[in-house]
Amino acid sequence: MQKIHPTTIIEAGATIAPDVTIGPFCFIGKDVVLKAGCTLESNIILKGKLQIDEGVKIFSFAVIGSEESDVHIGTKTHIREFVQIGTQDISSENRQIIIGANNFLMGYVQIFGGVTLGDFCIITNAVRLHENVTCEERVIIGGLSTVEANNKIGTGVMIGGASVVASDIPPFMLVEGNKATIKGLNVIGLRRRLENRGDIEEIKSVFKQILGDGADKILAQEIADTNPNEFIQRLSSFVASSNL
């Protein structure tokens, strides 16, 4: 059963699942799709072409979408207060924004046009992801950080707070600073993710070979072509095609 506060405005054409909960003073545009189990707290604006999948929770004063945007938010993602997604001027080239499943976007996060965010990411307070940034899955970005336009963040990366990222960051890295530089491997993240400790030791070895003294893209491509380990392939192929 829908629980929609009477002060909420819903334009004709919006698609809202039967069990969605919407609090007071929200605005739901005509091209919005809200799937089962979604919860909107209060004072939320949803506009443009926007699909919000099952179990998403959006907290007060978030603004998602504009008349030009095309946004998709994956299942069970939580979007905290004052987040802005796709609200800035968006060109036809970067109108699509994809937020994966099981993400946690903390307060005051800003996501610009063309951004793709993988699954199980944590984007902490007041982070900015500029145009055409791609974050693979399980990325953690510390508060007050900025990722500049057209850069890619690999899986398992952890970015320290108040960092400015101006280049691609390969998978499994720990980075920080303004401008952000690689400080080493995100070893704690690897231990949580990988049961085989041999994989971690192999990642450490390859990391030293291809990133120990600058990015060796030729060697990285050779390793990607010959090493059967999926995690090594992800790391080395990323480096080979990166803007490092």
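Reader: At what angle do helix 2 and helix 3 pack?
Author: This is a predicted model, where local features need pLDDT of at least 70, side-chain atom pairs count only at pLDDT 80 or more, and totals for chains, interfaces and linings use all residues. Residues are numbered from 1 along each chain as its sequence is written, and side-chain values use heavy atoms, without hydrogens and water. Helix 2 covers residues 197-211 (helices are DSSP runs of H or I, at least four residues; strands are runs of E, at least two; both are numbered from the N terminus). Its axis lies 8 Å from that of helix 3, and the angle (0 to 180 degrees between N-to-C directions, axes fitted to C-alpha atoms over the stretch in contact) is about 145°.

Reader: Which residues in helix 3 meet helix 2?
Author: Contact means heavy atoms within 4.5 Å. From helix 2 come V206, Q209 and I210. By class, this contact has five nonpolar, one polar and no charged residues (nonpolar: Ala, Val, Leu, Ile, Met, Phe, Trp, Tyr, Cys and Pro; charged: Asp, Glu, Lys and Arg; polar: the others, Gly among them). The helix 3 partners are L219, A220 and I223.

Reader: How many charged residues are in the contact of helix 3 with helix 4?
Author: Helix 3 (residues 217-226) and helix 4 (residues 230-241) pack at about 145°, with axes 8 Å apart. K217, A220, Q221, I223 and A224 in helix 3 meet I232, Q233, S236, S237, V239 and A240 in helix 4. By class, the contact has six nonpolar and four polar residues, and the charged count is one.

Reader: Which residue pairs with F61 in a stacked aromatic pair?
Author: Rings of Phe, Tyr and Trp (its six-membered ring) pair if their centres lie within 6.5 Å; planes under 30 degrees apart count as stacked, over 60 as edge-to-face and the rest as tilted. Here the centres are 5.1 Å apart, with 5° between the planes. F61 sits in the loop between strand 10 (57-58) and strand 11 (63-64), and its partner, 21 residues apart, in the loop between strand 13 (78-79) and strand 14 (84-85). That partner is F82.

Reader: What is the phi of F82?
Author: F82 is not a glycine. Its phi is nevertheless positive, at about 65°.

Reader: Which residue does a cis peptide bond join to N178?
Author: Omega is about 5° at this bond. The partner lies in the loop between strand 27 (173-177) and strand 28 (180-185). It is K179.
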